[in-house]
Amino acid sequence: MIKAINLHRSYTIGKKTIEVLHGLELHIRPGEKVFLCGPSGAGKTTLMYTLAGLEMPQQGTVEIGGKSIYGLLTKARAEFRNRMMGFIFQNYMLMPELTALENASLATAIAGREATQEVTALLDRVGLGNRLDHLPNELSGGEQQRVSIARALAHNPEIIFADEPTGNLDSRNSNEVLDLLFSLADERKKTLVIVTHDPNIAKRGDRILTIRDGIVCDEA
Ligand SMILES: Nc1ncnc2c1ncn2[C@@H]1O[C@H](COP(=O)(O)OP(=O)(O)OP(=O)(O)O)[C@@H](O)[C@H]1O
């Protein structure tokens, strides 16, 4: 489903260049739940963004379902990403002026589809059937993250990328959010790629890929 081939990515600030990805290769199969781990600054987020077509590598490419995403023009790549991928972020990234229902409907709205019934059912499934009209600041952290899980899944993408999805949550909410994410991914046969620095959370996946020195240095 996701193949990274010889990925190189560095950042130059002033005279200093940081090599973040250094010929990184990986292969994630359809329906797998894979955690990207590694120390702070190892390049986990950079890798996730590169796999998602958001951060162009200086060398190498990413294939999604056999298609080289960096071979696509920017607009076609964005369309491909909107259709194939959903995203969950540590700080939720909900639009503050939109209700839970409107936030969770964003990806379907971008695709030009009205899907109120499906999105309402999804919000109900994540336990927020009675919070549809709440704004993000009227929801707890765990509830906001559940809205973003619904948003990530509503347009029925193949892959969900999550960057430290439980980073702002206490352990009870972390477990609830991961339970939901995993059961929805199983039911709907989604591929999950989750960035975390927490080895306890990573144990729950099918595989852990540890990133260090710009490559996958360990696979468990
Ligand atoms: N836009 C950027 N410009 C310059 N340097 C960057 C940029 N983005 C990331 N970096 C650097 O690249 C390295 C990898 O960053 P990245 O955020 O991918 O690491 P990470 O493993 O996700 O870290 P953490 O666990 O702390 O979030 C870091 O040293 C960071 O400072």
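Let's start just past helix α5, where Gly127 takes a positive phi of about 85°. When I say helix or strand, I mean DSSP runs numbered from the N terminus: H or I over at least four residues for helices, E over at least two for strands. Before going on, this is a predicted model, so local features need pLDDT of at least 70 and side-chain atom pairs count only at pLDDT 80 or more, while totals for chains, interfaces and linings use all residues. Residues are numbered from 1 along each chain as its sequence is written.

Back to α5 itself, residues 116-125. Its buried residues are Val119, Leu122 and Leu123. Buried here means 20 or more other C-beta atoms within 10 Å of the residue's own, exposed means 12 or fewer, and partly exposed is in between, with C-beta atoms placed from the backbone. Those α5 residues cover an arc of only 100° around the axis, so they sit on the same side of the helix; the arc is taken over the directions from the helix axis to the C-beta atoms. What covers them includes α3 (100-104), α4 (106-110) and α6 (141-153).

So what about α6? 10 of its 13 residues are buried, so α6 is largely enclosed by the rest of the structure. Among them are Gln145, Arg146, Val147 and Ile149. The buried residues of α6 pack against β6 (85-89), α3, α4, α5, β7 (159-163) and α7. Its length checks out too: at 1.5 Å a residue α6 should span 18 Å, and its end C-alpha atoms are 19 Å apart, which agrees. That expected span is 1.5 Å times one less than the number of residues.

Right after that, in the loop between α6 and β7, you'll find Asn156. Asn156 has a positive phi of about 60° although it is not a glycine. With 15 other C-beta atoms within 10 Å, Asn156 is partly exposed.

On to α7, residues 171-188, which holds Ser174. Ser174 has 19 C-beta neighbours inside 10 Å, so it counts as partly exposed. Leave aside its neighbours within four places in sequence, and Ser174 is in contact with Thr166 and Leu169, contact being C-beta atoms, placed from the backbone, within 7 Å. The C-alpha atoms of Ser174 and Gln145 are separated by 9.6 Å, with the two residues 29 apart along the chain.

Now the strands. Four of them form an open, antiparallel sheet in the order β2-β1-β4-β5; two strands pair if DSSP finds at least two bridges between them. β2 and β5 (67-68) are the edges, each pairing on one side only. β1 and β2 run antiparallel, joined by 10 bridges, and Lys3 stands opposite His27 in β2.

Then there's a hairpin: β9 and β10, with two residues between them. Four bridges join β9 (207-212) to β10 (215-219), and Thr210 has Asp218 as its bridge partner in β10. In the turn, Asp213 has a positive phi of about 55° although it is not a glycine. Asp213 counts as exposed, with 11 C-beta neighbours inside 10 Å.

Last, the ligand. Which residues come nearest? Of the 13 around the ligand, Tyr11, Ser40, Lys44, Thr45 and Thr46 do, where near means a C-beta atom, placed from the backbone, within 6 Å. β1 (2-13), β2 (16-28) and α1 (44-51) each give two or more residues to that shell, and the largest share, three residues, comes from α1.

How values were computed
Contact = placed C-beta atoms within 7 Å.
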